[in-house]
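Colleague: Please take me through the ligand site in close detail. I would like one connected account.

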Amino acid sequence: MVSGYYFDISAFVILSCLTYAFFIQRLNKVEDNTIVFASLFCGILSSGMSIIYYLHPLNRFELTIAYYIASWMLTAISIALLILFMYFNRAYNIGAFKLVVSVGLPLALDIVFILLAAFGVSPVFRTLAYSCDMLLFITGINILIFYKKNGPTERTFMLCIMLTLTMAATITELIIPELIVQRFAISLLLAEVFFSLKDPEEQFDADTGLLGLETFKDEMRRRYYYMRRHGGKVSMVLLMIHGSEAFLRLLGEVNELKLRQSVISEIKRVANGASVFKLKQGIYAILTEKGSREEMEVIQEALISRFESTFGNDAYEMELPYSTCLIDLPEMAPDGNALMDLIHVAVREGRLYGKSVVDLESLDLSTEEYMRQVDEKVRHAVEDGNLEVYYQPIYSLKEKRFVSAEALLRLHDGDKFIPPDVFITVAENNGSIVEIDDYVIQQVCRMISGRNISELGLKYIELNLSVSDMLQDDISGKLTGFAEMYHVHPSQINLEITETSDDTFTGVVEANVMKLSQLGFNFSLDDFGTGYSSLSRIIMMPFDIIKLDKTIVQSPFVMDTEQGRRNAMTLLESSADMIQQIGAETVAEGVETAEQLKEMERLGVDFIQGYYFARPMPESDFINAVRKMNRK
Ligand code: C2E
Ligand code: CA
Ligand code: CA
């Protein structure tokens with residue numbers, strides 16, 4: 001008689017442990033804890049009753065009834081929960097209809113029988129209740145075996161064993177009523193489920209509360225299994241937010257967290273009930289139960305239109321660089337592994353070109369492979385020592401000598417270079433640009449201080465900054481820090497920035513330009529004439545120099561038709577004219593021929609940068625070239 005209660009008390013201990021685990025999990029902000037929540041309820045209720053009953057057997061009729069109901073309820077509810085768990089754990093999804101028939105019905109009967117038995121209607125109901133329990137266990141095992149390929153093998157195996165064990169315990173208790181072992185076995189089963197299946201990190205992403213990578217893989221396993229058995233197709237949308245590593249540095253921790261939260265809640269809103277999986281920082285997969293292509297196209301459209309506008313608030317309002325991609329299964333990837341590879345390809349592709357829609361079908365995989373290599377190299381460029389700063393002298397038409405130079409970065413790849421147009425874009429998209437530009441700034445400061453460039457006749461060195469550099473809160477502190485460290489005066493550095501979109505010069509960027517300008521740094525507006533420049537805003541900014549882009553400089557000479565050349569010349573003339581009216585100095589980039597040079601003189605351009613005078617070159621060659629030219 002007494003031995004049965006030991007098991008009952010053990011059940012209490014196990015369930016208390018689960019309760020404890022529940023709180024730990026709660027603290028980790030995991031949302032889905034139905035199982036644990038229910039075991040908490042059952043555990044306290046039934047085990048509490050067991051202890052009371054053990055210490056002081058309940059004689060009064062109501063109390064005895066309460067004991068039976070409380071402890072037996074545990075049995076019914078726990079079994080139901082287990083099966084519900086399997087239902088929601090999509091690997092074992094049995095479909096709603098089967099769920100009702102095979103679980104709902106026996107469960108309802110079970111509860112009715114328990115109540116009838118507790119009220120002492122007839123001992124037959126006790127036997128019937130146990131039979132219902134067993135029916136439920138059989139259903140559970142059946143589901144596990146049928147869908148065993150969908151879940152991890154060990155998991156399915158463990159659950160099968162535990163269910164069989166619980167069934168054995170139920171039979172034992174049915175035959176020897178004094179031996180209360182069923183609840184003990186169920187507690188063990190719950191604990192097993194909890195510790196092996198409810199690993200919070202596996203199921204949910206701790207940061208965002210979204211479904212995690214492992215859950216995504218489980219889900220896809222199920223989908224592939226279904227497609228193989230029943231045919232059909234599934235589409236999903238991939239959303240990639242690029243350079244998320246950089247946001248942390250740009251915004252600081254608090255703002256970055258806020259931004260991230262608002263982005264997640266927007267994604268959820270736009271996904272409109274579809275499941276959102278976080279596969280990696282900044283990479284999300286969106287999937288609906290049906291997964292039709294039409295549904296997915298709607299979601300993709302909605303995401304694009306949301307991401308075309310800004311996130312955040314006044315303090316750090318910004319557009320996020322993003323890409324979306326539609327994946328059709330099984331055409332594009334025949335199995336789970338191929339799918340993960342494909343996702344990598346899409347992410348790289350999106351990151352490299354920043355396109356809002358990545359079209360996987362049009363991908364040329366050889367450039368794809370090349371870009372992947374570039375991405376790898378760029379990430380490690382600084383630590384691998386593969387970067388070198390080249391300098392291109394800039395000629396003053398008035399003083400007839402070199403008066404400055406532009407620092408242009410080179411990335412060594414064996415005995416070749418990877419062109420900056422390629423790797424700078426990659427670096428901007430993968431976030432390593434900030435680190436790379438820090439390197440350039442230091443190299444330039446070192447060059448200026450080591451060579452005493454004013455003796456060479458150089459007034460300043462021009463340095464390219466990306467917009468992400470200018471978005472950093474501490475960019476002015478950083479630049480002054482480097483300048484002080486190398487004893488360089490801010491006026492010896494000219495910062496080139498490119499207006500890359502309509503709102504480059506708002507908020508943080510503008511504030512940083514103003515601050516740096518007050519500290520004595522000079523500014524150039526790079527690539528004027530490439531289509532983004534908005535005059536009204538430029539006038540408000542303290543640009544000392546505006547650089548005519550080489551396309552606008554060269555097109556009057558290289559266009560195919562006479563008409564084209566004339567139009568291009570008009571554009572060039574009016575641009576040069578506008579710059580003079582603003583009161584800034586002009587650099588013409590890309591001057592390659594004597595003819596082009598003559599034309600620039602006629603237009604009143606101040607400085608020439610181009611192959612006609614000098615190409616970008618390594619530091620020592622550069623020093624020699626300047627010396628030679630400026631001695632004349
Ligand atoms: P950019 O700032 O417009 O730099 C001028 C580009 O024009 C350089 O290309 C230069 O080599 C090229 N160039 C100069 N004269 C001529 C000419 O007469 N003819 C022709 N065809 N080209 C000429 P490069 O060095 O390939 O750099 C490409 C771009 O990469 C730069 O364009 C700049 O936007 C970016 N970049 C280079 N270095 C850095 C850097 O350190 N940081 C950042 N953020 N961007 C950089
Ligand atoms: Ca430049
Ligand atoms: Ca330029």
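Modeller: Here is the site, starting with the metals and moving on to ligand 1.

This is a predicted model: local features need pLDDT of at least 70, side-chain atom pairs count only at pLDDT 80 or more, and totals for chains, interfaces and linings use all residues. Residues are numbered from 1 along each chain as its sequence is written, ligands are numbered from 1 in the order in which they are written, and side-chain values use heavy atoms, without hydrogens and water.

Glu 406 (OE), Asn 464 (OD1), Glu 496 (OE) and Asp 526 (OD) are the protein donors of the calcium ion (ligand 2), at 2.0 to 2.3 Å. Donors here are N, O and S atoms within 2.8 Å of the metal, or 3.2 Å for Na, K and Ca; water is not among the atoms, so sites may look incomplete. Their spacing along the chain is E-x57-N-x31-E-x29-D. The pair Glu 406, in strand β7 (401–413), and Glu 496, in strand β10 (493–498), links distant parts of the chain, 90 residues apart. Strands are DSSP E runs of at least two residues, numbered from the N terminus. Both Glu 406 and Glu 496 are buried, meaning under 20% relative accessible area with a 1.4 Å probe, protein chains only. Asp 526 also bridges to the calcium ion (ligand 3), 4.0 Å from ligand 2.

Now ligand 1. Its oxygen atoms lie 2.9 Å from a side-chain N or O atom of Arg 410, 3.1 Å from one of Asn 464 and 3.1 Å from one of Lys 550. Alone, ligand 1 exposes 800 Å², and the protein buries 89% of that. These areas come from the Shrake-Rupley method with a 1.4 Å probe. Strand β7 gives the largest share of the shell, four residues.

How values were computed:
Buried means under 20% relative accessible area, exposed over 50%, partly exposed in between (1.4 Å probe, protein chains only). A polar contact is a pair of N or O atoms within 3.5 Å; within protein, one must be able to donate a hydrogen and the other to accept it, and residues adjacent in sequence count only if both atoms are side-chain atoms.
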